[in-house]
Amino acid sequence: MKVLADGTATGNPLINLGVFVLFAAATLYIVYRVSSGNATTSDYYAAGGAFTGAQNGIALSGDFLSAASFLGIAGGIAVHGYDGFLYSVGWVVAWLVGLLLIGEMMRNTGRFTMGDVVAFRMRQRPVRAAAAISTLVISFFYMLAQMAGAGGLVALLLNVTDRAGQSLVIVVVGAIMIFYVLVGGMKGTTWVQIIKAVLLLLCVTLISVFMLGKFGFDFSSILDRATQNNKLGTAILGPGAQYGKNELDFVSLALALVLGICSLPHVLMRFYTVPDAKQARRSVVWAIWTMFVFYLCTLVVGYGSAALVGSDAILHAPGGENSAAPLLAFRVGGAVLLGIVSAVAFATILAVVAGLTLAASASFAHDVYANIIKHGKADPRREVRVARLTAVAIGALAIIGGIAANGQNVAFLVALALALAASANLSTILFALFWKRFNTTGTLSSIYGGLGSCLVLIAFSPVLSGAPTSLIPSMDFHWFPLSNPGIVSIPFSFLCGIVGTFVGSRKSDPGKQAEMEVRALTGIGSRT
């Protein structure tokens with residue numbers, strides 16, 4: 001499709017760039033204005049617990065309504081139909097785990113990081129080290145998805161088709177993200193998330209209304225046109241177009257989606273930004289409803305992209321599947337709407353990576369530096385300085401990884417990060433909160449067993465080699481048949497935690513266990 005090749009179908013790159021620069025400048029100013037008073041660890045890591053449940057809930061949805069949601073899922077629906085929408089279903093259902101099992105108790109038990117909870121009644125140094133390693137690895141995988149989305153988006157919107165140009169823009173995106181974290185801390189990052197989430201929701205709602213209006217508010221007409229412009233035909237209206245060949249792979253993916261969300265470090269950290277457990281629960285409820293509306297709109301955007309743009313045009317456009325939503329925006333609203341969509345998509349990537357970087361840097365500074373190296377006696381200002389230096393290092397790694405992963409489907413990459421999160425963190429958190437006998441050996445076994453098994457299975461799966469879509473398509477050293485290892489690594493982490501607990505000789509401190517139970521259930525003493 002020549003219009004895509006010569007860039008004319010992406011509107012005016014100057015408009016796209018101008019709208020993004022305007023948004024970036026506005027958010028940078030907001031971050032700077034709200035950044036005062038970030039000297040203490042509570043301010044920098046948790047914004048002093050000053051956000052309401054509604055504010056934090058919108059920020060929570062902003063944390064997860066990432067490039068995978070906006071670009072990857074819309075593209076997945078446009079190309080694969082029903083199977084692409086299954087990501088959305090899994091991610092909405094997943095928040096029930098946070099609402100019913102994790103959110104309130106995490107807020108009551110910890111202060112800043114996951115390590116506060118899992119190490120509360122265990123040996124501090126080895127458990128905090130394990131929690132920090134888990135956080136850093138998961139955050140890095142998740143960052144790859146966001147930075148890869150940035151490369152594809154830039155290729156489409158600014159007509160930058162060579163990898164060197166895309167890499168340069170990824171560097172710019174990473175630099176702005178690092179500024180958010182260095183200057184704004186959790187307070188600045190949260191306000192960016194709130195602004196981004198509201199704009200993103202308005203954007204997809206606007207496109208959905210335009211699309212429905214174009215077809216006389218008849219969704220069936222959109223579906224009918226979509227089947228005509230997709231090479232799969234009517235197969236996109238039912239399950240099996242993408243996962244029909246390997247049902248086990250789909251079950252594995254579903255487990256990762258449902259169990260991984262509330263195991264993500266940057267999501268867990270958000271429960272500490274509210275003043276009490278009631279607001280923590282309200283946060284999750286607000287996040288669920290916000291995401292419910294958003295994913296309903298992605299259904300219209302995805303099938304609308306297939307109807308008006310066509311799956312072949314999407315796949316052959318710069319950015320591949322990730323280009324579906326921007327191309328539809330141009331078809332519906334021209335260069336101005338495309339410019340707005342581009343700014344929102346860029347903001348989505350910036351804000352999510354900023355949240356990830358903050359979580360990773362906080363884990364290293366709080367768990368490793370303050371509690372392992374300084375034995376819990378670190379100067380708060382020096383700890384914040386270490387967190388900022390760590391953010392710079394992590395941001396640099398994210399930029400390098402994003403350049404390497406440029407072109408991959410972002411929703412697929414996020415699914416791998418979710419498998420890692422569910423494998424390493426979920427079993428550990430649930431055992432620490434609900435199992436009195438759980439001890440240090442069990443904690444280390446569940447974290448390292450889940451994380452290690454998931455990484456090994458990813459390394460020897462079709463993700464890395466042995467398939468045309470692999471990261472290294474020219475080689476084949478895979479022996480694990482599934483693209484997502486969740487069905488193996490998640491139960492394995494629970495098993496490791498159980499076996500490690502019974503094998504370990506050191507029992508947990510009964511006094512600490514009683515204190516943790518009181519805090520988790522009542523919130524008494526949760527900020528001491």
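1. On helix α19, the buried residues (under 20% relative accessible area with a 1.4 Å probe, protein chains only; exposed is over 50%, partly exposed in between) are G486, S489, I490, S493, C496, G497, G500 and T501. They lie on the same side of α19, because they cover an arc of only 120° around the axis, the arc being that of the directions from the helix axis to the C-beta atoms. An α-helix has 3.6 residues a turn, so residues three or four places apart point the same way.

2. This is a predicted model, in which local features need pLDDT of at least 70 and side-chain atom pairs count only at pLDDT 80 or more, while totals for chains, interfaces and linings use all residues. Residues are numbered from 1 along each chain as its sequence is written, and side-chain values use heavy atoms, with hydrogens and water left out.

3. Helix α19 spans residues 486-503, 18 residues in total. From first C-alpha to last it reaches 25 Å, close to the expected 26 Å, where the expected span is 1.5 Å times one less than the number of residues. Helices here are DSSP runs (H or I, at least four residues; strands are E, at least two), numbered from the N terminus.

4. The search for disulfides (pairs of cysteine sulfur atoms within 2.5 Å) covered the whole structure and found 0. Two cysteines can be placed by their accessibility: C297 is buried at 10% relative accessible area, and C454 is buried at 0%.

5. Empty space comes next. On a 1 Å grid over the protein atoms alone, a cavity is a set of points where a 1.4 Å probe fits but cannot get out; a pocket is an open set with protein on both sides within 12 Å along at least five of seven lines; lining residues have an atom within 4 Å of a point. Grid points are joined across faces, edges and corners, and a volume is the space filled by probe spheres set on the points.

6. The second largest pocket has a volume of about 380 Å³. Its lining has 20 residues, of which R111, D116, R128, H366 and N371 are the closest to its centre. Two or more lining residues come from each of α8 (124-157), α15 (324-373), α16 (380-404) and α20 (510-522). By class, the lining of this pocket has 5 nonpolar, 8 polar and 7 charged residues; Ala, Val, Leu, Ile, Met, Phe, Trp, Tyr, Cys and Pro count as nonpolar, Asp, Glu, Lys and Arg as charged, and the others, Gly among them, as polar.

7. There are 3 cavities of 30 Å³ or more. The largest cavity holds about 70 Å³, and its lining includes F112, M114, P265, M269 and D367. Both α7 (114-118) and α15 give two or more residues to this lining, with α15 giving the most, 3 residues.

8. The second largest cavity has a volume of about 50 Å³. Among its lining residues are D63, M186, H266, M269 and R270. Helices α9 (163-214) and α15 each supply at least two of the lining residues, and α15 gives the most, with 3. The classes are 4 nonpolar, 3 polar and 2 charged.

9. F217 is not a glycine, yet has a positive phi of about 55°. Most residues other than glycine have a negative phi. F217 sits in the loop between α9 and α10 (219-228) and is exposed, at 60% relative accessibility.
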